[in-house]
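Grab a pencil and work through a few exercises on the fold shown below. Each task is followed by a solution that goes step by step.

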Amino acid sequence: MADSRSIIISYQWNKSVLSKRMVFTVLFKIQAGNSWNIGLKSRVEKGCDAGLKRRMGTGGFMMEYTTPVIQLKGVGEKTAKIFEKMGILTVGDLIRFYPRDYEKFEEALPVREIKKGEICAVRARVAGNINIKKVRNLTILSVVAADGTGKIKLTFFNMPFLKNILKPGVVYLFRGMVQEKDGIPVMEQPKMYKDEEYRNLMERVQPRYSLSAGMTNNMVTKAVKQALSFCPPQKEFLPEAVRLSENLMDREEAVCNLHFPKDFETLIEARERMVFEEFFLFILGLRGQKETNEALESSFSYIETAQVERFLEKIPFSLTNAQQRVWEEIKADLQGKRLMNRLVQGDVGSGKTIIAILALLMTVTNGYQGAMMAPTEVLAKQHFDSVTEMNDKYKLGMKPVLLIGAMTAKEKREAYAMIADGSADVIIGTHALIQEKAVYHNLAIVVTDEQHRFGVKQRESLAAKGNLPHVLVMSATPIPRTLAIILYGDLKVSVIDELPADRQPIKNCVVDTSYREKAYRFIEKEVSAGRQVYVICPMVEEGEADQDSLSMENVENVVGYTEKLRGFLSPSIRVSYLHGKMKSSVKNEVMEEFKNQNIDVLVSTTVIEVGINVPNATVMMVENAERFGLAQLHQLRGRVGRGEYQSYCIFVSGSDKKETMERLGILNRSNDGFKIAEEDLRLRGPGDLFGIRQSGEFAFKLGDIYNDARILKQAGMWVDRLLSEDAEFIKTENEGLRIYLENEKWNPIDFRTI
Ligand code: ADP
Ligand code: MG
């Protein structure tokens with residue numbers, strides 16, 4: 001343990017009262033969410049005051065955070081299994097499973113008053129016959145409804161059974177996104193409600209949870225309501241001074257309102273309170289390490305080697321000025337007395353990988369081992385392939401080895417053996433790199449690509465595997481200086497602010513859904529010219545959206561979309577899909593097939609966003625572009641335009657609201673990730689912040705480093721102030737915080753994802 005000081009961020013709180021053991025206890029408890037303690041205690045505490053009725057068993061039984069969800073009424077074995085898939089094992093998990101989005105149900109409007117591009121509700125009579133037609137393997141059911149002020153056309157995909165449900169002459173309440181075809185308003189896939197049901201929904205802002213197949217929003221809502229009534233959320237622990245000057249809502253009230261907001265204003269306040277906490281605890285963790293980092297001496301001696309120079313001469317391009325400058329900075333770090341702790345920031349396509357390879361090559365030729373970690377197996381495999389290829393082509397003499405979870409036990413054993421005795425000197429992989437069995441011979445540098453998807457703990461354990469190595473962090477997420485200081489502490493920052501000169505600019509267009517037909521024809525054209533295509537959808541499968549309501553009714557999902565697309569495109573085009581919930585071995589296979597051009601069109605979630613390099617892919621089509629932050633869309637765009645061919649981006653917006661189109665239009669005008677993120681922020685108000693993420697890289701549960709930059713700065717300021725005034729939190733006013741850190745059974749930060 002003595003050597004478990006991470007050189008980046010660790011969870012030892014320097015002078016704080018938390019012992020390392022305690023820290024690990026906390027982490028362990030978070031990870032071992034299934035250490036079930038079925039203790040129903042007869043303990044009554046003040047619960048939430050968000051108007052929730054407390055429902056207790058006959059003996060006034062309360063639940064613990066550790067109580068398994070199956071103890072809740074209405075949660076049987078089957079539902080518990082699905083909850084488990086969603087990462088929810090206990091009542092505590094459920095309480096901190098915050099909605100992904102919210103919805104306010106509006107009054108139904110006369111058909112005449114509904115607006116194109118908006119979600120509206122109408123009460124209308126089914127007028128006329130129900131038509132069913134088949135387009136390839138898609139069943140399209142359509143019907144006209146009217147209410148005396150006008151007519152509206154309703155279409156449903158693959159729901160032929162509605163033929164027996166919708167009765168001509170009967171009035172229904174339909175709700176959905178309004179579009180227009182041939183001058184008539186159209187709703188695709190509207191949801192239907194009974195009047196009374198709809199009135200109830202209108203009363204409050206409704207939470208929308210991320211779901212898995214088989215789970216409905218209603219089921220989660222009911223379970224969360226029960227959880228909150230049996231088990232009040234953790235009490236306030238932030239010092240009063242912080243709470244008062246930052247105007248933060250009380251914690252219990254905030255948690256309840258985050259799930260079941262009284263109204264929109266309260267929701268915004270509740271969210272702010274919880275985002276503050278999330279950042280506060282994260283920064284507190286970072287600060288614990290800062291001083292240790294600053295004085296770390298390097299135990300490695302590096303010299304410049306001829307191999308590196310020769311390699312630079314042989315590659316078919318010369319480094320851009322920016323790459324050259326950053327490489328000089330890294331070389332100086334490696335040869336210095338202190339350990340390197342450097343972040344390389346560079347926009348997508350700016351050429352960060354070659355910098356990583358240079359650092360690894362310099363390390364190997366100095367007689368040490370180097371490791372490179374990637375956030376996904378697909379990306380790790382890609383790095384391994386490109387390192388191997390260059391190694392062979394330019395006779396670099398490195399001995400690279402791959403280490404990922406999808407390898408067989410035997411393959412892993414062999415890799416571990418080579419890592420331990422030094423017969424492998426470049427180790428490339430995911431977090432498998434840091435598992436206990438990996439013992440390094442003489443690890444001198446760790447390069448992490450898009451590192452923030454790694455857990456704090458994972459980075460710490462890697463650093464604990466021998467002498468503390470140099471650390472080089474690669475990131476495409478643009479972060480303003482002020483935030484970088486808070487988030488990275490003493491990391492030095494190098495910026496690659498220049499793209500290689502030979503790049504053809506990507507052609508962009510922002511369109512509404514009526515453009516799809518044209519886009520599909522364009523895709524066919526590109527595929528027949530030998531190119532490949534990505535299509536991005538926000539959801540994995542239908543079940544993830546909502547089955548009993550409709551805020552997501554126009555949100556495309558990867559699995560369903562793939563089916564539809566196969567119908568719409570010429571049958572010779574090979575369409576496949578990829579998403580984060582697939583087994584990693586399957587993901588690797590799909591990616592491999594795409595690279596080898598055995599798949600023409602890849603429908604994917606944003607798993608593709610990070611670092612994938614397939615230069616033959618020239619079209620990036622993003623469905624429901626309005627649901628992504630612009631910075632993220634920019635990342636996605638970076639997956640094309642990586643080779644010699646002209647590339648195209650088609651951003652399809654599910655909403656043609658003026659503001660949405662204007663916001664997406666920024667992508668048309670700029671290719672600079674930094675500028676895009678800033679503009680995006682400027683154009684949006686606090687109400688737009690739900691459900692949109694800017695940065696996939698910093699996976700906070702609620703907070704977003706761009707959207708919530710102000711809160712981040714305030715949290716950073718308070719951590720520094722508290723630590724300088726009372727580092728051990730022994731003053732009475734800080735006691736709550738100390739007790740929280742010592743005793744908390746679960747932690748609001750999911751350390752696995754930060
Ligand atoms: P990213 O910064 O997004 O990780 P990569 O490192 O994957 O970008 O580089 C993108 C592509 O650009 C790669 O195919 C790489 O070989 C190429 N590349 C890198 N540096 C240069 C350069 N100086 N001139 C031309 N092409 C380059
Ligand atoms: Mg990259």
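**Exercise 1. Find how strand β10 (residues 341-346) is joined to strand β15 (residues 470-475), then work outwards to the rest of the sheet.**

Step 1. In this predicted model, β10 and β15 run parallel and are joined by 5 bridges. Helices (H or I, at least four residues) and strands (E, at least two) are DSSP runs, numbered from the N terminus, and two strands pair if DSSP finds at least two bridges between them.

Step 2. For a concrete pair, take Asn-341: its bridge partner in β15 is Val-471.

Step 3. Now zoom out: the open sheet has 7 strands in the order β12-β13-β11-β14-β15-β10-β16, with parallel pairing. β12 (400-403) and β16 (492-496) are at the edges with a single partner strand each, so one side of each has no neighbour in the sheet. From one strand to the next, the twist averages 20°.

Step 4. Add the helices. α12 (residues 377-393) packs on the sheet and touches β11 (369-373), β12, β13 (426-429) and β14 (443-449). Its direction makes about 170° with that of β12; angles run from 0 to 180 degrees between N-to-C directions, and axes are lines fitted to C-alpha atoms, for helices over the stretch in contact. α13 (residues 409-421) lies across β11, β12 and β13, at about 135° to β12.

Some ground rules before you go on. Residues are numbered from 1 along each chain as its sequence is written, while chains are lettered from A and ligands numbered from 1 in the order in which they are written. Local features need pLDDT of at least 70 and side-chain atom pairs count only at pLDDT 80 or more, whereas totals for chains, interfaces and linings use all residues, and side-chain values use heavy atoms, with hydrogens and water left out.

**Exercise 2. Place β18 (residues 532-536) in its sheet and follow Tyr-534.**

Step 1. The open sheet here has 6 strands, ordered β17-β22-β21-β18-β20-β19, and the pairing is parallel. At the edges you'll find β17 (507-512) and β19 (575-578), each with a single partner strand, so one side of each lacks a neighbour in the sheet.

Step 2. Check both flanks of β18. It pairs with β20 (residues 601-604) in the parallel sense over 4 bridges, and 5 bridges join it to β21, also running parallel.

Step 3. Tyr-534 has a bridge partner on either strand: Leu-602 in β20 and Met-620 in β21. Val-535 stands opposite Val-603 in β20.

Step 4. Sort the side chains. In a regular strand they alternate between the two faces of the sheet. In β18, Gln-532, Tyr-534 and Ile-536 point one way and Val-533 and Val-535 the other, and all are buried (under 20% relative accessible area; exposed is over 50%, partly exposed in between, with a 1.4 Å probe and protein chains only).

Step 5. List some longer-range contacts (heavy atoms within 4.5 Å). Leaving aside neighbours within four places in sequence, Tyr-534 touches residues including Phe-594, Ile-612, Val-619 and Arg-639.

**Exercise 3. Which residues touch the most other members of the largest nonpolar core?**

Step 1. A nonpolar core is a set of buried Ala, Val, Leu, Ile, Met, Phe, Trp, Tyr and Cys residues joined through side-chain atoms within 4.5 Å. This one has 93 residues, and Trp-327, Ile-330, Tyr-534 and Leu-633 touch the most other members.

Step 2. Helix α11 (residues 352-365) gives the largest share, 10 residues.

Step 3. Don't stop there: apart from this core lies another, of 71 residues, among them Phe-83, Leu-94, Phe-97 and Leu-741.

**Exercise 4. How do α9 (residues 306-314) and α11 pack?**

Step 1. Their axes are 9 Å apart, at an angle of about 150°.

Step 2. α9 and α11 are therefore roughly antiparallel (over 145 degrees; under 35 is roughly parallel, 65 to 115 roughly perpendicular and the rest oblique).

Step 3. For the contacts, Gln-307, Val-308, Phe-311 and Leu-312 in α9 meet residues of α11 including Ile-354, Leu-358 and Thr-365.

**Exercise 5. Is Pro-99 buried or exposed, and what does Pro-99 touch?**

Step 1. Pro-99 sits in the loop between α3 (91-95) and β1 (101-104).

Step 2. With 8% relative accessibility, Pro-99 counts as buried.

Step 3. Not counting residues up to four places away in sequence, Pro-99 touches Pro-207, Arg-208, Tyr-209, Leu-258 and His-259. Pro-99 and Tyr-209 are 110 residues apart in sequence, yet 4.4 Å apart in space, C-alpha to C-alpha.
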